[in-house]
Each structure stands twice: as C-alpha cells, then as structure tokens.
Amino acid sequence: MTRRGTQPADRLTFVFIVLFAAILLAQARDVAAWPWLLLADALVVVLLALLRLLPARGGFAEFIGGAYPVVLVGGFYTQLGLIQLDVGRLYDLVVQRWELALFGQQVSGTWHQQMPSPALSFVLHLSYGSYYWILLGVPLWLWIRGKRDAFRRATFLTALALYASYLVFGVLPVAGPYFTFPRPEGAVIANWPARYVYFMLDNGAAMGTAFPSSHIAASWCVVYAAWRDARRLALVLAPVAFLLAVGTVYGQFHYAVDALAGGLLALGLMLVADPLMRLLDRPLRR
C-alpha cells in the first residue's frame, strides 16, 4: 500500500505551528493556560507525523488527509481568543486612526446608521453568514466531483489565508467595531440573517481577530481556488463573497480597514499560492 507521505499542506501547517507557538511563548507570562495551549500545538505536530502513514488513495482517510487544515483552524482561532483574554492588549485605537485617515470617518460605525435598509441588511447579513458554507462547501464539492488535486489545492489555499491572518492576529490583536462601538439596532438587525450572525458572534467570536478580515481573505481565496476546476460554482459564489466583504463593514463586524487589508491579503496569497505549493511539494534534500 502506498503511503500518503508529507504533502504541501503538512509543511505549511508545521511552519505555522512553529511561528504560532513562538507568539504564544513570547506572551507566556501573561497567559495562564500557556502550557496546555503549547501541548495542543505539539499534538498537532504529532498529528502531522501520523498523517504520513495514511494511504495515498482511498476514501475517508484520503479525505481527512486533505481536509484536516480546515478543521484545525477552529482550534487555533479559539486559542487566539484565550490568549487575548489574558493578555488584554488590543490595537483598536491604532486601526481607528487608520480608518479616519483613509475614509474620513469610522465607516463601520456610521454606514448602517446612514443607510438603515431592511432589504440591504437582509442580503448583506445573509451573505456574511454564508462564510462557513463557502469555506466548507467548495472543498467538499470538489471532492464529491472526484477532483482530488483541486480539493487539496482548495484546502491549501484556505489554510494559507487563515494561517496568515492568524499570525497577524497574534502580533496585532484588534477586537473590531462590534466590541468597541455601540451595537447595531433597529432595522439593521430586524431580520433572521442578522439575528443568526449576531448570535454566532456573541457565542463564538474570539477577541483580537479583526485585522485583517479573515472572512474576506479566506472566502475570496477559496472562491479563487474553485475558479480553475469548478468555474460555474465559482461564478455563483463570487457575488456572495463580494457581498460578504461589504457586509463585514455594514454589519459592524470589521473596520473598513480590516476589509481592505483582508482583500489585499487575499490578492497577494492568490499570486503566491501555486508557487508556494510547488515549493513545499519538493522532496527534502538528504
């Protein structure tokens, strides 16, 4: 039986784990649970070693061997929130100054007040709430269609976008406008998509994960990954991803600067993803 071996996503994850652990250790004196968080990171390295033993081809094992980065990011996201709760250092004032310099106002705090449209709110919150469906749906669709290389490329791109965002969160934590400005009210939240996303935010958001917008970076990257191998799906999802980006600001989830940074990050990663994947696919010299 041919073993799976080490894949580009494994090496990408390993590099991320090393940098992520370094960020944790740099703040360890302020983080009560740092030994347990470091142990969790070490267990991911063990997982990477075990993944090498999976069969190269074959059903559920092959699926897990490609999809695991998308699963792991939830744990890393939670870890970031735990770190920031203890450290308590946020850079919202810095980002708000950037916002004012670029746009002349705090767009995320004023836009929904200036345009309190129930219809616009419904569409933008519905699009924003589609984030996880896009991230999970594109790789799953490619897998079901039997496009294994495209599946692995999509999960690699998703992981690359989220890992890059998380490393920035680790050194430049920003809570975001939802936590710093008065909460939206009235027509803006008088629809079920808005209630859904605010419920998710209140019960699952991690502090310090606003800049750049990983929602924009990851959703645009995964739609880009679909473009080459599932173009019809990409054409359907591209407008949703665009409205999601607009909704991050209108719904007061991100500063406009966060959205801009997330978009620029996505574009940069689209340019380097394929060369980086080829580089990480090379066998190590012995």
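**Figure 1. The second largest pocket and the residues around its centre.** The second largest pocket is lined by 19 residues, and those lying nearest its centre are Pro8, Asp149, Arg152, Met277 and Asp281. Keep in mind that this is a predicted model. Helices H1 (8-26), H3, H8 and H13 (256-280) are the elements that each give two or more residues to this lining. H8 supplies the largest share, with 5 residues. Sorted by class, the lining holds 9 charged residues, along with 5 polar and 5 nonpolar ones. As for how much room there is, the volume of this second largest pocket comes to about 400 Å³.

**Figure 2. The largest pocket, with its nonpolar and polar lining.** Here the space adds up to about 810 Å³. There are 38 residues in the lining of this largest pocket, and Tyr77, Tyr131, Tyr132, Leu135 and His215 are the closest to the centre. The elements giving two or more residues to the lining are H3, H7, H8, H9 (177-180), H10 (192-204) and H11. What about classes? The lining of the largest pocket has 29 nonpolar residues and 9 polar ones, with no charged residue among them.

**Figure 3. Helix H1 and the helices it packs against.** This view follows H1, a helix of 19 residues. Counting 1.5 Å a residue, H1 should span 27 Å, and its end C-alpha atoms are indeed 27 Å apart, so the two values agree. Plenty of H1 is tucked away: the buried residues are Pro8, Ala9, Asp10, Arg11, Leu12, Thr13, Phe16, Ile17, Phe20, Ala21, Ile23 and Leu24. Those buried residues pack against H2, H3, H8 and H13. Pro8 also turns up in the second largest pocket, as one of the residues nearest its centre.

**Figure 4. Trp34 in helix H2.** Trp34 sits in helix H2, which covers residues 34-51. Is Trp34 buried or partly exposed? With a relative accessible area of 31%, Trp34 is partly exposed, because buried would need a value under 20% and exposed one over 50%. Once neighbours within four places in sequence are set aside, Trp34 is in contact with Leu24, Leu25 and Ala28. Take Leu24 as an example: it is 10 residues from Trp34 along the chain, and the C-alpha atoms of the pair are 7.1 Å apart.

**Figure 5. Helix H7 and its bend.** H7 runs through residues 131-144, which makes 14 residues. At 1.5 Å a residue that should span 20 Å, and the end C-alpha atoms of H7 are 20 Å apart, so expectation and model agree. Even so, there is a bend of about 30° at Gly137, with a proline, Pro139, following within four residues. The buried residues of H7 are Tyr131, Ile134, Leu135, Val138, Pro139, Leu142 and Trp143. What do they pack against? Their partners are helices H3 (59-87), H6 (118-128), H8 (148-171), H11 (214-229) and H12 (231-250). After H7 comes Gly146, which has a positive phi, near 80°.

**Figure 6. Leu135 and Thr158, a pair in contact.** Leu135 is found in helix H7, while Thr158 has its place in helix H8. Leu135 has 5% relative accessibility and so counts as buried. Thr158 is buried too, with a relative accessible area of 0%. Leaving out residues up to four places away in sequence, Leu135 touches Thr158, Leu162, Ala218, Ser219 and Val222. Seen from the other side, and again without its neighbours within four places, Thr158 is in contact with Val70, Leu135 and Val222. For a sense of distance, Leu135 and Leu235 are 100 residues apart in sequence and 15 Å apart in space, C-alpha to C-alpha. Leu135 is also one of the residues closest to the centre of the largest pocket.

**Figure 7. Two loops with backbone details to look for.** Pro212 lies in the loop between H10 and H11. Phe211 and Pro212 are joined by a cis peptide bond, with omega about -5°. The second loop, between H12 and H13, is where Gln252 lies. Phi of Gln252 is near 70°, which is a positive value in a residue other than glycine. Is Gln252 buried or exposed? Gln252 counts as buried, since its relative accessibility is 1%.

How values were computed
Residues numbered from 1 in each chain as written. Predicted model: local features only at pLDDT ≥ 70, side-chain atom pairs only at ≥ 80, totals over all residues. Heavy atoms only, no water. Expected span 1.5 Å × (residues − 1). Bend = angle between axes of the 7 residues up to and from the residue. Buried < 20%, exposed > 50% of the residue type's maximum accessible area, 1.4 Å probe, protein only. Contact = heavy atoms within 4.5 Å. 1 Å grid on protein atoms, 1.4 Å probe; cavity = no way out; pocket = protein on both sides within 12 Å on 5 of 7 lines; lining within 4 Å. Points joined across faces, edges and corners; volume = space filled by probe spheres on them. Nonpolar A, V, L, I, M, F, W, Y, C, P; charged D, E, K, R; others polar.
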